[in-house]
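Colleague: Could you take a close look at one part of this model for me, the sheet and the end of it that interests me, and then walk me outward from there? Keep it informal.

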Amino acid sequence: MKMSKNNKNEVVTELKEKLLYERKNVCITMTDDELQKADSFCDGYKVFLNKGKTEREACSQAAAIAKAAGFTEYKAGVEYKAGDKIYSVNRGKAVILAVIGSRPIEDGVNIIASHIDSPRIDLKQNPLFEDTDLVYFKTHYYGGVKKYQWTALPLALHGVVVKGDGTTVDVIVGEDESEPVFSVTDLLPHLSELQYKRPAHELIKGEELNILIGSRPFRLNGDGNDKNESASSKLAVMKILNDKYGITERDFASAELEAVPAHKARDVGFDRSLVGGYGQDDRVCAYTSLIAITETDAPEKTAICVLADKEEIGSYGNTGLGSDYLRYFIADLVSAASRNECESGMRIRQCLSNSRCLSADVCAALDPTFADVSEKNNAAFMNYGAVIAKYFGSKGKSGTNDASAEFVGEIRKLFDDNNIVWQTGELGKVDAGGGGTVAMFIAKMNVDTVDIGVPVLSMHAPLELSAKADVYSAYRGFKAFYNFTP
Ligand code: MN
Ligand code: MN
């Protein structure tokens, strides 16, 4: 019997659905109720972004959220039991949370690792200078920034100053509407002919990222008749800082002061579908994995959430994941439950070798305006769900973890089984550039690791964009992973 035309079409449609992959916008497949949940989840996320603009602030916020959710501070040597919830802060800049599983720990743990440091402008150690009565801070940018994006923008100053007497004072200026902000000046277009001839990465040079912080000379009398020739604007600013914080110029030597955009995170778009804010790389994965672990109650495998520092400068330093603090934490959990040194050493190695990790970090979303840096088939799209990235790196996959097919297969199945929308993604076209994450540092411990995260537009810019539906799908994915027992 001959097939009718209609029948033929049906067969083709059926085969297409069965055999071909067609990615879908999450917002089409989500119910009203789910979209509503995604939107309200991001209300909490925006608060987290606003209250945590530095690694220290994000760390203390995370510890506060953990405490409120019943987590207690980790004590070395304690043998924790299934269901116990603990957290451990490393030097105020990184934090590990854990929910102890019911299975023996040598069966492996489920780790989600993200980072809470973001690109910014740090003050130098001797930052203060005055020129033509204007007072500035000299800076050294932190992480990969397009320097021109940081000029002519209201900046807030966050951080700590350790004074000569050893005491520490916290600084946050420029967040409250009533407080002043600071700014890096840029050249007016009228006089920019020579500046325009510079290569783009030098449009603003590193040494030109000077932050203007004051302009009035020191006044002794206030009667308009001040004869003090040596009165400088620098002195006037230092006097204000001394009155407020009790610091002197030498104290900057032992300070960590970070200039960040002063603006608050807010909705973007008429449909309010996007979150615009500073520091979403990688506080979007930090917040989603943090909330997910606070809602994890009785996992079979021990669930571990790591919010790390220093990723943006290569994970160096003892609060970055190039440090051994995560390994120590896991090793100490194992040791506390072991009878002797010999047994614990073996169980630690078993535990790590049987562990799994989602290296949670943002991925570049395809930007239609700059589509030529992406390869459409393999780029991540905004609103198409959490991104599973088998590899990042650069050139011939240099500097990447490159997850195994087996592990990607496990995670893919986990997400599909839990109706979590996901897409694959890579950073950009082959040889277009590149980047790395913390994945390689976890993989180094012989842990199965894959990169996963949220697609972001304008990554590393003062205003980064994420899609609420993607943020929510990452959160749901992380929750499923904490409860994952293959
Ligand atoms: Mn990142
Ligand atoms: Mn980054």
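Modeller: Val-184 sits opposite Ile-211, a residue of β10. That pairing belongs to the contact between β9 and β10 (residues 211-214), two antiparallel strands joined by two bridges. Bear in mind that this is a predicted model.

Now step back to the whole sheet. It is open, has seven strands and pairs in antiparallel fashion, and the order reads β8-β7-β11-β5-β6-β10-β9. The edges are β8 (168-173) and β9 (183-184), each of which pairs on one side only. Helix α5 (residues 233-245) packs on this sheet, where it touches β5 (120-131), β6 (134-142), β8 and β10. The direction of α5 makes about 130 degrees with that of β5.

From the sheet, let's move along to the metals. Which residues hold the manganese ion (ligand 2) as protein donors? They are Asp-281 through OD, Glu-312 through OE, listed twice, and His-460 through NE2, and these donors lie 2.1 to 2.6 Å from the ion. If you like to read such a site as a sequence pattern, the spacing of the donor residues of the manganese ion (ligand 2) is D-x30-E-x147-H. Asp-281 also has a second job in the geometry, as it bridges the manganese ion (ligand 2) and the manganese ion (ligand 1), with 3.3 Å between the two ions. Asp-281 and Glu-312 link distant parts of the chain, being 31 residues apart. Asp-281 belongs to helix α6 (residues 280-294), while Glu-312 is in the loop between β14 (303-308) and α7 (325-336). Both of these residues are buried.

Another buried residue is worth a stop. Ser-344 is found in helix α8 (residues 341-353). Its relative accessible area is 6%, so Ser-344 counts as buried, the cut-off being under 20%. Setting aside neighbours within four places in sequence, Ser-344 is in contact with Val-334, Ser-335 and Ser-338.

Last, the empty space. Rolling a probe the size of a water molecule over the atoms shows where such space is left. How many cavities of 30 Å³ or more does a search of the whole structure find? It turns up one. The volume of the largest cavity is about 30 Å³. Its lining includes Phe-392, Gly-393, Gly-399, Thr-400 and Asn-401. Also lining the largest cavity are Gly-435, Gly-436, Thr-437, Ala-439, Met-440 and Asp-451.

Conventions
Residues numbered from 1 in each chain as written. Chains lettered and ligands numbered in written order. Predicted model: local features only at pLDDT ≥ 70, side-chain atom pairs only at ≥ 80, totals over all residues. Heavy atoms only, no water. Pairing = 2+ DSSP bridges. Helix = DSSP H or I, 4+ residues; strand = E, 2+ residues; numbered from the N terminus. Contact = heavy atoms within 4.5 Å. Axes fitted to C-alpha atoms, helices over the stretch in contact; angles between N-to-C directions. Buried < 20%, exposed > 50% of the residue type's maximum accessible area, 1.4 Å probe, protein only. Donors = N, O, S within 2.8 Å, 3.2 Å for Na, K, Ca; no water. 1 Å grid on protein atoms, 1.4 Å probe; cavity = no way out; pocket = protein on both sides within 12 Å on 5 of 7 lines; lining within 4 Å. Points joined across faces, edges and corners; volume = space filled by probe spheres on them.
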